[in-house]
Amino acid sequence: MTRNTHAGPAYQGQAIIRPREAAAYLGIGKSTLYRFVERGELPRPIKLSAQVTGWRLSTLDQFIADRQGVEA
């Protein structure tokens with residue numbers, strides 16, 4: 001995953017992560033990522049343009065924190 005190294009600490013949680021990178025960040029496949037969205041376990045991505053979506057890094061971090069201790 002490529003991160004913007006120019007963004008300061010104040011912006012790190014606000015970085016937008018595209019679906020492929022979001023799936024890699026969570027250690028899952030893209031189909032599983034979208035399955036979590038459809039189940040309501042992960043918020044829908046932010047629509048940046050007609051064909052570009054992504055999640056805030058802080059949203060993905062919160063998803064991980066919420067799932068800690070949840071058995072698969």
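Which residue of β3 does I16 stand opposite? The residue is R56. What follows is a friendly tour of a predicted model, starting with its sheet and moving on to the helices that pack around one another. The sheet has three strands in the order β1-β3-β2, and helix α3 packs on the sheet, touching β1 and β3.

**The sheet**

- The three strands make an open sheet, and their pairing is antiparallel.
- β1 (16–17) and β2 (46–47) are the edge strands, each with a single partner, so each has one side without a neighbour in the sheet.
- As a reminder, the strands of a sheet pair through backbone hydrogen bonds, in either a parallel or an antiparallel way.

**β1 with β3**

- β3 covers residues 53–56, and two bridges join this strand to β1, with the two running antiparallel.
- I17 has W55 as its bridge partner in β3, while I16 stands opposite R56.
- Helix α3 packs on the sheet with contacts to β1 and β3, and the direction of α3 makes about 65° with that of β3.

**β2 with β3**

- Two bridges also link β2 to β3, and these strands run antiparallel.
- Here K47 has T53 as its bridge partner in β3.
- The connection from β2 to β3 is a hairpin through five residues.

**Helix α1 against helix α3**

- α1 spans residues 19–26 and α3 spans residues 57–67; they pack at an angle of about 30°, and their axes are 11 Å apart.
- That angle makes α1 roughly parallel to α3, because angles under 35 degrees count as roughly parallel.
- The crossing of α1 past α3 is right-handed.
- On the α1 side the contact is made by A22, Y25 and L26, which meet L57, L60, D61, F63 and I64 of α3.
- By class, this contact of α1 with α3 has seven nonpolar residues, one charged residue and no polar residues.

**Helix α1 against helix α2**

- The axes of α1 and α2 cross at roughly 90° and come within 9 Å.
- The two helices are therefore roughly perpendicular to each other.
- From α1, the residues P19, R20, A22, A23 and L26 meet K30, L33 and Y34 of α2.
- Six nonpolar and two charged residues make up this contact of α1 with α2, with no polar ones.
- A22 and L26 of α1 appear in the contact with α2 and also in the contact with α3.

**Aromatic pairs**

- Searching the whole structure turns up two aromatic pairs.
- One of them joins Y34 and W55 in a tilted arrangement, 6.0 Å centre to centre and with 55° between the planes.
- Y34 sits in helix α2 (residues 30–38) and W55 in strand β3, so this pair ties together parts that are 21 residues apart in sequence.
- Both partners have a further role in the picture: Y34 takes part in the contact of α2 with α1, and W55 is the bridge partner of I17.

Note on methods:
Residues are numbered from 1 along each chain as its sequence is written. This is a predicted model: local features need pLDDT of at least 70, side-chain atom pairs count only at pLDDT 80 or more; totals for chains, interfaces and linings use all residues. Side-chain values use heavy atoms; hydrogens and water are left out. Axes are lines fitted to C-alpha atoms, for helices over the stretch in contact, and angles run from 0 to 180 degrees between N-to-C directions. Helices (H or I, at least four residues) and strands (E, at least two) are DSSP runs, numbered from the N terminus. Angles under 35 degrees count as roughly parallel, over 145 as roughly antiparallel, 65 to 115 as roughly perpendicular and the rest as oblique. A crossing is left-handed if the near helix is turned anticlockwise from the far one by less than a right angle, and right-handed if clockwise. Contact means heavy atoms within 4.5 Å. Ala, Val, Leu, Ile, Met, Phe, Trp, Tyr, Cys and Pro count as nonpolar, Asp, Glu, Lys and Arg as charged, and the others, Gly among them, as polar. Two strands pair if DSSP finds at least two bridges between them. Rings of Phe, Tyr and Trp (its six-membered ring) pair if their centres lie within 6.5 Å; planes under 30 degrees apart count as stacked, over 60 as edge-to-face and the rest as tilted.
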